[in-house]
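Work through the following exercises with the sequence and the model side by side. Each one sets a task and then solves it step by step.

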Amino acid sequence: MKHLRSIDELGVDGLRRLLDLSDHMAEINRRPVPKVPALRNKTVVSLFFEDSTRTRLSFETAAKRLSADTMSFSVGTSSVNKGESLRDTIETVAAMGVDAFVVRHKSSGVPWQISRWTEASVVNAGDGWHEHPTQAILDCYTVRTALNRPEGFDGMHIAIVGDIKHSRVARSNVWAFASLGARITLVAPHTLLPPSLEGWPVDVVHNIDDIIDRVDVLYMLRMQRERMHEALVPSLREYTAQFGLTPGRADRLQSHALVMHPGPMNRGVEMAVDPGELPGSVITQQVTNGVSVRMAVLFDLLGSGSALVGEASS
Amino acid sequence: MKHLRSIDELGVDGLRRLLDLSDHMAEINRRPVPKVPALRNKTVVSLFFEDSTRTRLSFETAAKRLSADTMSFSVGTSSVNKGESLRDTIETVAAMGVDAFVVRHKSSGVPWQISRWTEASVVNAGDGWHEHPTQAILDCYTVRTALNRPEGFDGMHIAIVGDIKHSRVARSNVWAFASLGARITLVAPHTLLPPSLEGWPVDVVHNIDDIIDRVDVLYMLRMQRERMHEALVPSLREYTAQFGLTPGRADRLQSHALVMHPGPMNRGVEMAVDPGELPGSVITQQVTNGVSVRMAVLFDLLGSGSALVGEASS
Amino acid sequence: MKHLRSIDELGVDGLRRLLDLSDHMAEINRRPVPKVPALRNKTVVSLFFEDSTRTRLSFETAAKRLSADTMSFSVGTSSVNKGESLRDTIETVAAMGVDAFVVRHKSSGVPWQISRWTEASVVNAGDGWHEHPTQAILDCYTVRTALNRPEGFDGMHIAIVGDIKHSRVARSNVWAFASLGARITLVAPHTLLPPSLEGWPVDVVHNIDDIIDRVDVLYMLRMQRERMHEALVPSLREYTAQFGLTPGRADRLQSHALVMHPGPMNRGVEMAVDPGELPGSVITQQVTNGVSVRMAVLFDLLGSGSALVGEASS
């Protein structure tokens with residue numbers, strides 16, 4: 001694997017390989033000294049053209065636990081402000097000696113463009129509404145471990161609830177969950193679905209109460225306040241009433257069902273219950289697993305097998 | 001000690017223990033290679049919701065000299081901007097594996113809230129007008145070493161001059177100096193004193209010239225320009241005339257008296273002399289000692305005694 | 001060498017020494033593990049009062065490859081915003097233990113001021129329109145290696161094209177190239193030349209077509225959009241027509257001629273060709289060489305000769 005730009009490009013074999021590797025990384029993370037020298041002297045540069053502290057910290061933590069050097073570059077302090085082209089920025093940073101770029105950008109497709117301009121590996125950390133592949137992998141890993149389903153998700157029913165249209169998480173997760181065998185139902189109002197779902201391996205319902213008592217995984221998406229201003233939902237209160245996870249709905253979940261959320265949550269909107277009170281919530285585990293999964297991704301891109309043995313010297 | 005949120009919670013025994021430990025850290029800092037492996041593979045995260053380069057750099061330097069990994073998180077680039085609750089931010093960052101949070105926030109009490117949401121240690125690096133305990137400890141350490149008073153401050157007279165009302169430094173320092181035995185006089189106009197001083201172990205005067213020639217330590221607080229706009233002082237010029245350290249007043253200090261300031265100074269306002277020209281100024285030593293004291297705090301929270309021996313391997 | 005503030009202060013002997021040392025650093029950078037312990041436990045602080053991701057990353061990469069600790073300080077999050085004087089900021093940061101400051105500031109002369117206030121070494125990373133010495137050294141290094149001229153630049157003809165008046169790069173490069181023996185021609189409209197060139201070792205022409213077919217090095221400066229608003233150029237289109245490197249002009253370059261640019265480029269303005277299509281372009285090498293040259297500078301300031309042998313332990 002040279003780049004990780006989409007779940008599609010990764011393929012189901014790649015996805016399974018990364019999930020297995022994540023198990024190994026999770027074991028490292030349970031050690032008293034959670035650090036290995038696997039990527040010693042590799043340099044990983046975070047290029048975040050959109051704010052995302054949680055994703056950036058997760059990648060940087062992953063890189064450090066593999067002993068890589070990390071550097072961070074955010075648009076606020078960059079020459080991109082001076083009108084430099086993205087291409088020149090990439091070529092300039094790459095010329096200093098970079099092994100991987102971790103890229104977040106508000107425009108779809110930017111990670112593909114960047115990979116044409118550099119010899120370094122490119123990891124998509126979110127491009128517009130398009131893809132967020134490491135989120136999908138960490139979500140698969142979380143389902144796999146929490147429901148103990150290492151062999152795959154055949155027969156599992158996963159509902160993804162909320163603003164599908166504007167969600168890169170939904171796009172990446174649909175393909176990842178489906179490729180492992182899950183049956184997927186999207187739950188959203190018409191205004192928050194893409195214009196066409198042709199070719200998507202999903203069912204659609206417009207009422208969360210139709211499926212709440214029969215899913216194995218309830219995946220809640222963030223409801224952004226901006227959608228209300230765009231008149232895509234009548235009000236946040238109305239949204240919660242129709243699509244939010246309320247205490248009443250939480251009581252109707254099956255006892256083994258998982259509740260997931262990519263964060264940051266809007267408490268009182270899509271999450272109208274305290275996740276700390278939900279026995280099935282694995283939202284914190286998603287974050288913890290994110291570090292293991294991103295270690296697996298970086299190691300798969302930059303490492304060589306034998307380097308993973310033993311502790312880091314630094 | 002699990003957290004350092006206030007001087008009160010630390011107590012006098014804790015304060016003395018940290019001062020003794022700071023001596024050891026200062027010795028490490030005088031070595032050609034000022035680094036020990038004491039906190040190797042511990043992760044310290046700076047969460048600064050208010051700008052403070054000097055305090056953040058001091059903590060990060062301290063963490064690095066103990067070989068901890070450091071990560072920095074400032075509100076400008078965080079999901080807090082997207083409306084994420086503080087609690088979710090903390091739980092998210094903590095889930096990646098954090099041993100201590102160093103927190104600055106404009107609201108009093110935030111470090112206590114945070115410590116309820118995470119297993120990690122919490123160090124208060126300034127909460128609103130409330131407390132700034134590491135500043136108080138480094139000030140005690142500076143007085144103790146500069147006046148050679150390891151046993152305590154009995155009989156010592158310390159004046160704290162300026163905007164007591166809005167100063168977390170004043171609050172923390174009063175309790176720390178007093179617990180070591182010093183007699184404390186606050187010097188301020190009525191408008192810059194808290195509504196009530198009931199229970200504070202202090203005297204109050206409204207004229208700096210009443211005490212300038214008899215104090216052992218003159219502790220000047222920063223005069224913020226905003227106070228003038230709020231009409232709490234008539235003008236900065238007037239403030240300087242009544243409460244500033246002018247050359248004439250500096251001449252009246254006892255020869256052994258120390259001049260201190262928590263920084264950043266307003267030259268020409270409260271500091272109407274060049275501190276470089278004052279023989280008693282220990283303002284630079286305060287900064288240098290800040291690194292040793294913060295090493296002591298982090299080690300006390302996260303370290304184990306035997307790890308402090310020898311040099312770092314990295 | 002205690003500081004690197006200007007090319008003049010460095011002198012031709014110093015320049016030659018740094019170029020030789022850069023050869024050694026470039027050799028390190030070609031190793032599989034491009035890291036040496038030369039500056040282990042030295043602390044290098046970047047103080048950037050103006051945005052410049054590329055220069056800051058280059059210095060930080062250089063410092064890390066020499067195993068120095070790095071800390072970064074940008075004005076957006078600093079006490080300078082609170083009205084603290086620059087001097088107090090420097091003295092405060094220095095008191096925490098700093099071996100070198102790398103400084104960029106919009107005002108000429110700031111690196112000299114700073115060096116009066118601290119025992120640490122000061123490297124000028126660009127002060128106003130004044131100097132940018134490491135850019136000049138890396139440009140000399142790039143010419144020297146690309147044209148294989150280790151002994152000096154006697155008989156070489158270098159044209160510097162564009163906004164000379166507002167360019168610290170032009171100022172530093174004229175002196176560096178000239179001191180190695182090159183003949184220099186400035187190419188610019190009257191409005192973009194300094195009021196006086198008395199004492200500058202240069203010729204001036206106002207038409208790029210007069211020299212395009214006879215130079216050994218064509219050094220293009222960035223044309224800033226602001227200049228148009230200031231009415232110093234009639235329009236960017238007009239500027240390109242008169243002074244830009246267009247395909248037609250590129251065809252007239254001698255086959256061995258180098259094309260250089262300090263970045264960030266304005267494609268379509270001064271660079272009206274794709275540099276990737278120009279056989280003589282060494283723009284990417286400039287960036288790569290920048291890391292080696294900055295390693296040489298930091299090592300010359302902070303290192304001791306024997307430390308450069310062997311690999312880093314971390």
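**Exercise 1: a strand and its partners**

Strand S5 (residues 157-161) of chain C and strand S6 (residues 183-187) of chain C run parallel and are joined by five bridges. This is a predicted model, in which local features need pLDDT of at least 70 and side-chain atom pairs count only at pLDDT 80 or more, while totals for chains, interfaces and linings use all residues. Residues are numbered from 1 along each chain as its sequence is written, and chains are lettered from A and ligands numbered from 1 in the order in which they are written.

Task: describe how S5(C) is connected and paired.

Solution. Start with the strand pair, bearing in mind that strands (E, at least two residues) and helices (H or I, at least four) are DSSP runs numbered from the N terminus, and that two strands pair if DSSP finds at least two bridges between them. Opposite Ala159(C) stands Thr185(C) of S6(C). Next, follow the chain from S5(C) through helix H6 (residues 168-179) of chain C to S6(C), a β-α-β crossover that is right-handed (with the strands pointing away from the viewer, the path from the first strand over the helix to the second runs clockwise). Then turn to strand S8 (residues 217-220) of chain C, with which S5(C) pairs in the parallel sense over four bridges, and where Met220(C) is the bridge partner of Val161(C). Finally, consider burial: four of the five residues of S5(C) are buried, a residue being buried if 20 or more other C-beta atoms lie within 10 Å of its own, exposed if 12 or fewer, and partly exposed in between, with C-beta atoms placed from the backbone.

**Exercise 2: two helices of chain B**

Task: compare the end-to-end distances of H1(B) and H5(B) with the expected spans.

Solution. The expected span of a helix is 1.5 Å times one less than its number of residues. For helix H1 (residues 7-29) of chain B, with 23 residues, a straight helix would reach 33 Å, but the end C-alpha atoms are only 25 Å apart. Look then for a bend, and you find one of about 70° at Asp13(B), taken as the angle between axes fitted to the seven residues ending there and the seven starting there. For H5(B), by contrast, the 14 residues should span 20 Å, and the end C-alpha atoms are 20 Å apart, which agrees. As a last step, note the surroundings: twelve of the 14 residues of H5(B) are buried, so this helix is largely enclosed by the rest of the structure. The buried residues of H1(B) pack against helix H5 (133-146), helix H6 (168-179) and helix H10 (283-302) of chain B, where a contact means C-beta atoms, placed from the backbone, within 7 Å.

**Exercise 3: a strand with two faces**

Task: are the faces of S8(B) covered or open?

Solution. Begin with the rule that in a regular strand the side chains alternate between the two faces of the sheet. In S8(B), Val217(B) and Tyr219(B) lie on one side, with Leu218(B) and Met220(B) on the other, and all are buried, which leaves both faces covered. Its neighbours complete the picture: strand S5 (residues 157-161) of chain B pairs with S8(B) in the parallel sense over four bridges, Ile160(B) having Tyr219(B) as its bridge partner. S9(B) also pairs with S8(B) in the parallel sense, over three bridges, and there Leu258(B) stands opposite Val217(B).

Definitions and conventions
Contact = placed C-beta atoms within 7 Å.
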